[in-house]
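Trainee: Could you pick one part of this model and go through it slowly with me? I'd like to start from a single side chain and follow the trail from there.

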Amino acid sequence: MKFVIELGPNVFETCSRLETLRIGSGVKTIGAKTAYKTNLTNLVIGNSVEEIGELAFTNMKQSTLKIPDSVKKIGDNAFYSSEFESVVFGESVQKIGNNAF
């Protein structure tokens with residue numbers, strides 16, 4: 001059985017009706033613009049994700065965003081034009097790119 005380990009660039013780009021995205025265990029990389037120009041209101045990032053790419057998630061509206069302990073790098077503009085009441089960072093984040101939030 002093979003598992004998805006990477007969400008490549010532009011996977012859900014401009015899927016304007018996409019509201020919920022749960023990224024399961026096994027995925028290590030979220031590519032650039034994975035959910036660019038969507039209207040996510042519920043994003044759950046799995047505990048195996050190590051990197052979130054540039055402009056990965058934009059235009060989000062979610063009360064709390066939880067970045068798991070496994071994430072080491074958050075790319076430039078990763079959550080551009082998104083609205084959060086709070087962001088909870090895991091302990092392993094080493095780099096947060098320019099204008100990430």
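**From a charged pair to the core**

Mentor: Let's start with Glu50, which counts as partly exposed because its relative accessibility is 32%. Keep in mind that this is a predicted model.

So what does Glu50 meet? Its side chain forms a salt bridge with the side chain of Lys28, at 3.9 Å from N to O. Lys28 sits in the loop between strand 2 and strand 3, while Glu50 sits in the loop between strand 4 and strand 5 (51-52), so this pair ties together parts that are 22 residues apart in sequence. Lys28 is partly exposed too, since its relative accessibility is 40%. The general idea is simple: side chains of opposite charge can pair when their charged atoms come close.

How many salt bridges does the structure hold? There are 2, and the other partners to look at are Glu51 and Lys73, with their closest N and O atoms 3.9 Å apart. This pair links distant parts of the chain as well: Glu51 belongs to strand 5 and Lys73 to strand 7, 22 residues apart. Glu51 has a relative accessibility of 32%, so it counts as partly exposed. Lys73, at 34%, gets that label too.

Now zoom out to the strands. Strands 5 and 7 belong to an open sheet of 5 strands, ordered 1-3-5-7-9 and paired in parallel. At its edges are strand 1 (6-7) and strand 9 (95-96), each pairing on one side only. If you want to see one of the pairings up close, go to strand 7 (residues 73-74), which runs parallel to strand 9 and is joined to it by 2 bridges. There, Ile74 has Ile96 of strand 9 as its bridge partner. In general, strands of a sheet pair through backbone hydrogen bonds, either parallel or antiparallel.

Let's go back to the strands on either side of our first salt bridge story. Strand 2 (residues 20-23) and strand 4 run parallel and are joined by 4 bridges. Leu21 stands opposite Leu43 of strand 4. Which residues of strand 4 (residues 42-45) are on its covered face? They are Leu43 and Ile45, whereas Asn42 and Val44 make up the uncovered face. That fits a general rule: in a regular strand the side chains alternate between the two faces of the sheet.

Leu43 is a good way into the interior. Leaving aside its neighbours within four places in sequence, Leu43 is in contact with Leu21, Ile23, Phe57, Met60, Gln62, Leu65 and Phe79. Several of those names come back in the largest nonpolar core, which has 22 residues; Ile23, Leu43, Ile52, Phe57 and Phe79 touch the most other members. Strand 2 and strand 4 each give this core at least two residues. As a general tendency, nonpolar side chains are buried together in soluble globular proteins.

Follow the two Phe residues from that list. Phe57 is buried, because its relative accessibility is 0%, and Phe79 is buried as well, with a relative accessible area of 0%. The count of aromatic pairs comes to 5. In one of them, the ring centres of Phe57 and Phe79 are 5.6 Å apart and the planes meet at 20 degrees, so the pair is stacked. Phe57 is in the loop between strand 5 and strand 6 (61-66) and Phe79 in the loop between strand 7 and strand 8, so these rings tie together parts 22 residues apart in sequence. Phe79 also pairs with Phe84: the centres are 5.9 Å apart and the planes at 75 degrees, so that pair is edge-to-face. Put together, Phe57, Phe79, Phe84, Phe89 and Phe101 form one aromatic cluster.

Two loop residues deserve a last stop. Ser81 lies in the loop between strand 7 and strand 8 (83-88). Its phi is positive, about 60 degrees, although Ser81 is not a glycine, and at 44% relative accessibility Ser81 is partly exposed. Lys33, in the loop between strand 3 (29-30) and strand 4, also isn't a glycine and has a positive phi of about 55 degrees. With a relative accessible area of 29%, Lys33 is partly exposed. What does Lys33 lie over? The face of Tyr36, at 4.8 Å from the ring centre.

Note on methods. Residues numbered from 1 in each chain as written. Predicted model: local features only at pLDDT ≥ 70, side-chain atom pairs only at ≥ 80, totals over all residues. Heavy atoms only, no water. Pairing = 2+ DSSP bridges. Buried < 20%, exposed > 50% of the residue type's maximum accessible area, 1.4 Å probe, protein only. Salt bridge = Lys/Arg side-chain N within 4 Å of Asp/Glu carboxyl O. Phe/Tyr/Trp six-rings, centres within 6.5 Å; stacked < 30°, edge-to-face > 60°. Lys NZ or Arg CZ within 6 Å of the ring centre and 35° of its normal. Core = buried A, V, L, I, M, F, W, Y, C linked by side-chain atoms within 4.5 Å. Contact = heavy atoms within 4.5 Å.
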